[in-house]
Amino acid sequence: MVQIKIIIGSTRPNRFGPQLAAWFMELARDHTDAQFELIDLKEVNLPFLDEPEEPSEGNYAHEHTKSWSKVIDAADGFIWVHPEYNHGVNAPLKNALDFLWREWNDKPVALAGYGSSAGGARAAEQLRLIAAGLKMFDLRTQFTMTNYKSQLVDGKFAPSERQTAVARGLLEEIVFWSIQLKQARAARP
């Protein structure tokens, strides 16, 4: 069975990311061929990158990095739930990605963004470049949510049918590619 981590990329107070990630976790229950785990970067609480060596060396000096390495290494695929700040990637998510290298390699990632007018699409484009640098396989299918505050009913996310269909398709793809790339990694000499 593949292990897929849904990572909440925002750490700020009153953030929307946990609601979106929890909704993805609910939809993921339909998948008996994958195990999903929610990872909240606010709880992980990584400091600003403080490793003395390059992440590609894999020689980690700090316990927080060793712990983060174990979490990411155990995964076969990822969904990055991300906001868009000032037309780009938010700092806590970028920092968490930068801590490691090999642990991300040859694994698929799906992007689930939210924001105002662009719905996280501009941050997603930057995350695709970062994923390429991490030697990851990013899915073309992505979830974007414009003006997310307009879909809050009494403070709770009320998804549309279209959003649910897109999210279900994204989950199908991340499970499929997580299985395929796990097999490919295992077959590599």
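A residue is taken as buried when its relative accessible area is under 20%, as exposed when that area is over 50%, and as partly exposed in between. The structure analysed in these terms is a predicted model. By this criterion D76, with a relative accessibility of 7%, falls under the 20% limit and therefore counts as buried. The residue is found in the loop between α3 (63-73) and β3, and its side chain makes a polar contact with the side chain of R185 at 2.8 Å. Leaving aside residues up to four places away in sequence, D76 touches M1, V2, Q3, K107, P108, S178, K182 and R185, so that the partner in the polar contact, R185, also appears among the residues touched by this buried aspartate.

Strand β3 itself, which spans residues 77-83, contains H82. With a relative accessibility of 1%, H82 is likewise assigned to the buried class, because this value lies under the 20% limit. When residues up to four places away in sequence are not counted, the contacts of H82 comprise L93, L111, A112, G113, Y114, G120, A123, A124 and L127. Of these, L111, A112, G113 and Y114 are residues touched by H82 that fall within the range given for strand β4 (108-114), while A123, A124 and L127, also touched by H82, fall within the range given for helix α5 (121-133).

Y114 also appears in the description of the largest pocket, which has a volume of about 210 Å³. This pocket is lined by 14 residues, and R12, P83, Y85, Y114 and Y148 are those that lie nearest its centre. Classified by residue type, the lining is made up of six nonpolar, four polar and four charged residues. P83, one of the residues nearest the pocket centre, belongs to the residue range of strand β3, the strand in which H82 lies.

Charged pairs were examined next. The structure holds 14 salt bridges, among them one between E103 and R102, in which the closest N and O atoms are 3.6 Å apart. The two partners are placed in separate accessibility classes: E103, at 1% relative accessibility, counts as buried, whereas R102, at 44%, counts as partly exposed. A further salt bridge pairs R128 with E125, again with the closest N and O atoms 3.6 Å apart. Both of these residues lie in helix α5, where they are three residues apart, or about one turn of the helix. Here R128 counts as buried at 14% relative accessibility, while E125, at 45%, counts as partly exposed. Salt bridges that share partners also join D73, R102 and E103 into one network.

K135 takes part in another salt bridge, formed with D106, and the closest N and O atoms of this pair are 3.6 Å apart. Because K135 lies in the loop between α5 (121-133) and β5 (137-145), and D106 in the loop between α4 (91-98) and β4 (108-114), the pair ties together parts that are 29 residues apart in sequence. At 38% relative accessibility, K135 counts as partly exposed, since this value lies between the 20% and 50% limits.

The backbone of K135 is also notable in the following respect. Most residues other than glycine have a negative phi. K135, although not a glycine, has a positive phi of about 60°. D154, which is not a glycine either, has a positive phi of about 55°. The latter residue is located in the loop between β6 (152-153) and β7 (156-157), and its relative accessible area of 77% exceeds the 50% limit, so D154 is classed as exposed. K135, by contrast, is the partly exposed residue of the loop between α5 and β5 described above.

A final site concerns P55, which is found in the loop between α2 (41-44) and α3. At 17% relative accessibility, P55 counts as buried, because the value remains under the 20% limit. With residues up to four places away in sequence left out, P55 touches Y60, D98, F99, L100 and W101. The C-alpha atom of P55 is separated by 7.8 Å from that of R102, although the two residues are 47 residues apart along the chain. R102 is thus a point of reference both for P55 and for the salt-bridge network that includes D73 and E103.

Conventions. Residues numbered from 1 in each chain as written. Predicted model: local features only at pLDDT ≥ 70, side-chain atom pairs only at ≥ 80, totals over all residues. Heavy atoms only, no water. 1 Å grid on protein atoms, 1.4 Å probe; cavity = no way out; pocket = protein on both sides within 12 Å on 5 of 7 lines; lining within 4 Å. Points joined across faces, edges and corners; volume = space filled by probe spheres on them. Nonpolar A, V, L, I, M, F, W, Y, C, P; charged D, E, K, R; others polar. Helix = DSSP H or I, 4+ residues; strand = E, 2+ residues; numbered from the N terminus. Buried < 20%, exposed > 50% of the residue type's maximum accessible area, 1.4 Å probe, protein only. Contact = heavy atoms within 4.5 Å. Polar contact = N/O pair within 3.5 Å; in protein donor to acceptor, adjacent residues only side chain to side chain. Salt bridge = Lys/Arg side-chain N within 4 Å of Asp/Glu carboxyl O.
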